Amino acid sequence: MATVLLAEDDAGVRELLEYMLDGAGHTVLACGDGDSALRLALEHRPGVAVLDVGLPGLSGLQVCAALRDAPATADLPVLLVTALGGPADVAGGFAAGATDYLVKPFSAGDLLARVDAFLGTRAADHESGPSRPRSAPPVASRA
């Protein structure tokens, strides 16, 4: 599979998302702040970035905009995840350059389907083999 950058400031949510992505066969670069997310993206050039909007330091929106401005990551698919699901929040995410926007709580299937779509893989590929992720509860709602 591919490398996924995961930036989530809540350690429990980050561990759950990392578990789901790793269980689906992806290599995960995980961090808890926006500055680290931007550095990791520029250094490692992942296949997709999953960014919480409410990151300390640079916000997920700021990281997304910076990724769009850097030639090496301008085409990187960016999935913003957040509890902020109002129309203005979603519009702000897309204005920052997000490829997609996922509102918490969401299921493992929702996250993996989006990551797979960005990477050109199929969720059905995860259903066979020992690395299939176990069912996980919905990701908690936290900005």
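This passage describes the fold of a predicted model of one protein chain, from its overall pattern to individual residues.

The protein chain contains five helices and five strands, and along the sequence these elements follow the pattern β-α-β-α-β-α-β-α-β-α. Of its 143 residues, 42% count as buried. Among contacts between residues at least 6 apart in sequence, 62% join residues that are at least 24 apart. Confidence in the prediction, expressed as pLDDT, averages 87 over the protein chain, and 84% of the residues score at least 70. Over residues 122–137, however, the pLDDT is below 50, although this stretch has 20 contacts in the model beyond near neighbours in sequence. Where pLDDT is low, predicted coordinates should not be read in detail.

The five strands form an open sheet in the order 2-1-3-4-5, with parallel pairing. Strand 2, which spans residues 27–31, and strand 5, which spans residues 100–103, stand at the edges with a single partner strand each, so that one side of each is left without a neighbour in the sheet. On average, and with direction ignored, neighbouring strands of this sheet are turned by 20° against each other. In general, the strands of a sheet pair through backbone hydrogen bonds, in either a parallel or an antiparallel manner.

On the side of the sheet that ends in strand 2, strand 1 (residues 3–7) pairs with strand 2 in the parallel sense over five bridges. Within this pairing, Leu5 stands opposite Leu29 of strand 2, and the bridge partner of Leu6 in strand 2 is Ala30. The connection between these two strands is provided by helix 1, residues 11–23, and strand 1, helix 1 and strand 2 together make a right-handed β-α-β unit. Helix 2, formed by residues 34–44, lies across strand 1, strand 2 and strand 3, the last of which covers residues 48–52, and helix 2 runs at about 150° to strand 2.

In the loop between helix 2 and strand 3 lies Arg45. The phi angle of Arg45 is near 45°, a positive value in a residue other than glycine, and Arg45 is exposed, with a relative accessible area of 55%.

Strand 3 and strand 4 run parallel and are joined by four bridges, with Val50 standing opposite Leu79 in strand 4. Between these strands the chain crosses through helix 3, residues 60–69, in a β-α-β crossover that is right-handed. Strand 4, which comprises residues 78–82, is mostly covered, as five of its five residues are buried. Val78, Leu80 and Thr82 point one way from strand 4, whereas Leu79 and Val81 point the other way, and all of these residues are buried.

Strand 4 also pairs with strand 5, again in the parallel sense and over four bridges, and here Val81 stands opposite Leu102 of strand 5. The two strands are combined with helix 4 (residues 87–95) in a right-handed β-α-β unit.

Several individual residues may be placed within this framework. Asp52 lies in strand 3 and is buried, its relative accessible area being 0%. The side chain of Asp52 is joined to that of Lys104 by a polar contact of 3.4 Å. Lys104 is in turn linked to Pro105 by a cis peptide bond, for which omega is about 0°, and Pro105 is found in the loop between strand 5 and helix 5, the latter spanning residues 108–119. Gly109 has its place in helix 5 and is partly exposed, with a relative accessible area of 44%. The C-alpha atom of Gly109 is separated by 9.3 Å from that of Met20, a residue 89 positions away along the chain.

Technical notes: Residues numbered from 1 in each chain as written. Predicted model: local features only at pLDDT ≥ 70, side-chain atom pairs only at ≥ 80, totals over all residues. Heavy atoms only, no water. Pairing = 2+ DSSP bridges. Axes fitted to C-alpha atoms, helices over the stretch in contact; angles between N-to-C directions. Contact = heavy atoms within 4.5 Å. Buried < 20%, exposed > 50% of the residue type's maximum accessible area, 1.4 Å probe, protein only. Right-handed = clockwise from strand over helix to strand, strands pointing away. pLDDT = per-residue confidence, 0-100. Polar contact = N/O pair within 3.5 Å; in protein donor to acceptor, adjacent residues only side chain to side chain.
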